[in-house]
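Hi,

Here is the structure I promised to pass on. Have a look when you get a moment, and my notes are underneath.

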Amino acid sequence: MSIVHLQNVEIINSQARFSDPYIFKVTFECISPLEDDIEWKLIYVGSAESEEYDQELDSCMVGPVPVGVNSFEFEAEAPSPEKIPASDLLGVTVILLTASYKDAEFIRVGYYVNNMYESEEMRENPPETVQLDKVVREVLASKPRVTRFNINWDNPGEMIKPPEESHTSVNEGAIADEVDTKPNPVFRPAPGSSTAGSSAFVPLES
């Protein structure tokens, strides 16, 4: 049984400029005392082709965590464009918000991000070299993909065997979780993918 239940993730600036920081407000419930802090990370997927372009934008330790409902704001800087292939600066990619306890990841929330030129004229006739000062981003905040991992909270380094039914849907507050006990699942946009009609995502409940 999980000791920490994610209740809601609000992206304060889901629409912003490419260079603006990402700001999240995270709400979760802790049902039992924890002896260590929880580590939260934000990862930007730089390319669908390879994990080598992934960037950890920031991380923070939250604790000591009291029993009950907790909320905090997490701000992370924008990705470094020089670490992203030029062909992947525009278009659809993914950001991942993860939470770990004693280095064991127990939840991951993924969002599609669409980077595009602010003006319709530049979208229709893009310059040969990407002009990032004219690029804006939109995070599809209403369509997260939530993956939860079963960990041993007393000994997080100990592997837990997956249950017989490894994929179920449960509701926890405003978050609908997709349970997946596979280690390190790959969640990456397919090259040239579109966000329309993506059945892999479940909307936040109002």
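Below is what I found, starting with the whole chain and then going into the details.

First things first: this is a predicted model, so please read it with the confidence values at hand. The protein chain averages a pLDDT of 81, and 77% of its residues score at least 70. Two stretches need a warning. Over residues 162–186 the pLDDT stays under 50, although the model has 58 contacts beyond four places in sequence for them. Residues 193–206 are also below 50, with 30 contacts in the model beyond near neighbours in sequence. Where pLDDT is low, the predicted coordinates should not be read in detail, so I'd leave the contacts of those two stretches alone.

On the overall make-up: there are 12 strands and one helix in the protein chain. Going from the N terminus, the order is β-β-β-β-β-β-β-β-α-β-β-β-β, with the helix sitting between the eighth and ninth strands. The chain has 206 residues, and 45% of them count as buried. Its accessible surface comes to about 11000 Å², with 46% of that belonging to carbon and sulfur atoms. If you take the contacts between residues at least 6 apart in sequence, 68% of them join residues at least 24 apart.

Now the sheets. One open sheet is made of three strands in the order β1-β3-β6, with antiparallel pairing. Its edge strands are β1 (4–11) and β6, each of which pairs on one side only. On average, neighbouring strands in this sheet are turned by 20° against each other, direction ignored. Inside it, seven bridges link β1 and β3 (residues 22–30) in the antiparallel sense. If you want a pair to click on, Glu10 has Lys25 in β3 as its bridge partner.

Further along, β8 (residues 104–117) and β10 run antiparallel and are joined by four bridges. Arg108 stands opposite Thr147 of β10 there. And is β10 buried or exposed on its two faces? Both faces of this strand, residues 145–148, are covered: Arg145 and Thr147 are buried on one side, and Val146 and Arg148 are buried on the other. That puts two arginines among the buried residues of β10, Arg145 and Arg148.

Finally, some backbone oddities. Most residues other than glycine have a negative phi, and most peptide bonds are trans. Against that background, three spots are worth a look:

- Gly63 and Pro64 are joined by a cis peptide bond, with omega about -5°. Pro64 lies in the loop that runs between β5 (55–62) and β6 (68–76).
- Lys102 is not a glycine, yet its phi is positive, about 50°. This lysine is in the loop between β7 (91–101) and β8, and with a relative accessible area of 29% Lys102 is partly exposed.
- Asp103 also has a positive phi, about 70°, and is not a glycine either. Asp103 belongs to the loop between β7 and β8; at a relative accessible area of 73%, Asp103 is exposed.

If you open just one region, try that loop between β7 and β8, with Lys102 and Asp103 in it.

Cheers

Methods: Residues are numbered from 1 along each chain as its sequence is written. This is a predicted model: local features need pLDDT of at least 70, side-chain atom pairs count only at pLDDT 80 or more; totals for chains, interfaces and linings use all residues. Side-chain values use heavy atoms; hydrogens and water are left out. Buried means under 20% relative accessible area, exposed over 50%, partly exposed in between (1.4 Å probe, protein chains only). Two strands pair if DSSP finds at least two bridges between them. Axes are lines fitted to C-alpha atoms, for helices over the stretch in contact, and angles run from 0 to 180 degrees between N-to-C directions. pLDDT is the predictor's confidence in each residue, from 0 to 100. Contact means heavy atoms within 4.5 Å. Accessible areas come from the Shrake-Rupley method with a 1.4 Å probe; for residues, only the protein chains shown count as cover.
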